[in-house]
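Welcome! Here are two short exercises to work through with the structure at your side. Try each task before you read its solution.

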Amino acid sequence: MNVWTRRVVIGTAAVSMALSVAACGKAGDNAKGGGDNKTIGLLLPENKTTRYETFDRPLMEAKIKELCSDCKVKYNNAAQETETQKKQFDALITQGVKVIILDAVDFKATKSWVNQAAKKGVKVVAYDRLAEGKLSAYVSYDNEKIGRLQGQALVKALGDKAKDSNVVMINGSPTDPNMPFFKKGAHSVLDKQVKKIAYEQDIPDWSPDEANKKMSAALDSLGKDGFQGVYSGNDGMAGGIITALKQKGVKVPVGGQDAELAGLQRILKGEQAFTIYKQIKPQADSTAEIAVKLLKGEKIDSLTDTKVDSVSGEVKGIPAKLYDAQIVTKDNIASTILKDKVYKASQICTGDAKKACDAAGIK
C-alpha cells in the first residue's frame, strides 16, 4: 500500500490527500501523472480562430514533451464560454496540477481563479492574453504595435487617397485584453492619416458572422460610397466582412491579423489587402519552456526579458516575453509564411487560389 501511495502522490507529502482523491475515483489519473509534478494544464479560449487548434496547442504539447519526456499535458478548449473555462481551470486545481497555461476567454473573470490558484502554490502562465490575477508569467506580442502595423498597412493600401478616406473599424472581442491595445495602436495611426473613422463596432467572440452583420449595417448606414477601407481585427472577421462587401458589389481594402490560411488565400486573390503575421512557434515554445521550468521549480529570468502590469494595474511587474510581428501582403507571402514553413505552397494554392498563386509565382 505504501509503495502504491507514494507513486500516486509523487511530489506531495499529503498521503491523506492521495487517499481522498483515490476515493473520488481519480487514482487512475494520478497514477498516470495527473496531479503530480509532471502535469501541465493547457487551457485555450476558442476554436473559431483556426490558429489555436492548428498551431498553438500542438506546438506547445510538442515542446513540453521535448523538454520533459515524462510530462503530461491536460488540455481543454473553452469554446468561448467563460463558465466552461472556469470549470476546466477548477478541475485542474482539484486534480493537483501545479502549472497551468491559460489563454483566457474573459480576462477580467480570471482574477479570483488565478489568485486562488496562487494561494495553493499553483503557477499560472498567461498565454497570448494577459489574464487578471497573480500570474507567474505572461507570453504574448507587443499588441499595441500590432495595431499600429494594421493601421499602417491599411493607410498604405489606401495609397494617395488615404487623407480623403473614411474608414470602417470592426474590432475584436471586448473580453479579450489584447483588443484594446490593437484598437489603440490602429487609432494612433488612422486618426492622423485618414479623413475619419466613419463607423466602429466591437465584435463579441471575434465572430465572423457578427462581423458580417456589422459590415452590412455599416453599408446601410454609410452607403456603398461612404467609406474607402475597412480595418478588421483579425482574418476570421475579415472573411465575414468581405462576404458582406461582395454582396453589395463593393471592393475596398480590408486588412486582418493572424495569417490564417483562408486570409492568405484571399490576399493572393486580391480580396484582402494584408494580414499580420505573428510567429506562433517562438511564442508557444517560450511558453512551454517557462511552464516546464516552473514545474521543476527553476528560475525563468532567462526567458522573460521584460515586465508588465495587469490591465487593471493591480498586479505589477509580471515577468513577460513579448514578441514582434510583421505585415504580410501578396508581395511577401513567400519570404515570410512559406519561408517559416507556417504553410506549404500546396496548402495555400488549392481551389480558386491556385490561379492566383501561379500569378504571384508561388508554387
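## Exercise 1: the two sides of a helix

On the other side of helix 9 from its buried residues, Asp209, Lys213, Asp220 and Ser221 are exposed. Keep in mind that this is a predicted model.

Task: find which residues of helix 9 are buried, and what covers them.

Solution, step by step:

1. Locate the helix: helix 9 runs over residues 208-222, 15 residues in total, and spans 21 Å from its first C-alpha to its last, close to the 21 Å expected.
2. Pick out the residues with under 20% relative accessible area: in helix 9 the buried ones are Ala211, Asn212, Met215, Ala218 and Leu219. They lie on the same side of helix 9 because they cover an arc of only 120 degrees around the axis.
3. Look at what lies over them: the cover includes strand 6 (166-171), strand 7 (196-202), strand 8 (229-232) and helix 10 (235-247).
4. Finish at the end of the helix: Gly223 follows helix 9, and its phi is positive, near 85 degrees.

## Exercise 2: the disulfides

Task: find how many disulfides the whole structure holds, and work out the pairing of the bonded cysteines.

Solution, step by step:

1. Count: a search of the whole structure gives 2 disulfides.
2. Take Cys68 and Cys71: they are joined with an S to S distance of 2.0 Å, and the link is right-handed, with 70 degrees about the S-S bond.
3. Take Cys349 and Cys357: their sulfur atoms are 2.1 Å apart, and this link is left-handed, at -90 degrees. Cys357 counts as buried because its relative accessibility is 0%.
4. Number the bonded cysteines in sequence order: the pairing reads 1-2, 3-4.

Conventions: Residues numbered from 1 in each chain as written. Predicted model: local features only at pLDDT ≥ 70, side-chain atom pairs only at ≥ 80, totals over all residues. Heavy atoms only, no water. Helix = DSSP H or I, 4+ residues; strand = E, 2+ residues; numbered from the N terminus. Expected span 1.5 Å × (residues − 1). Buried < 20%, exposed > 50% of the residue type's maximum accessible area, 1.4 Å probe, protein only. Arc of directions from axis to C-beta. Contact = heavy atoms within 4.5 Å. Disulfide = S-S within 2.5 Å.
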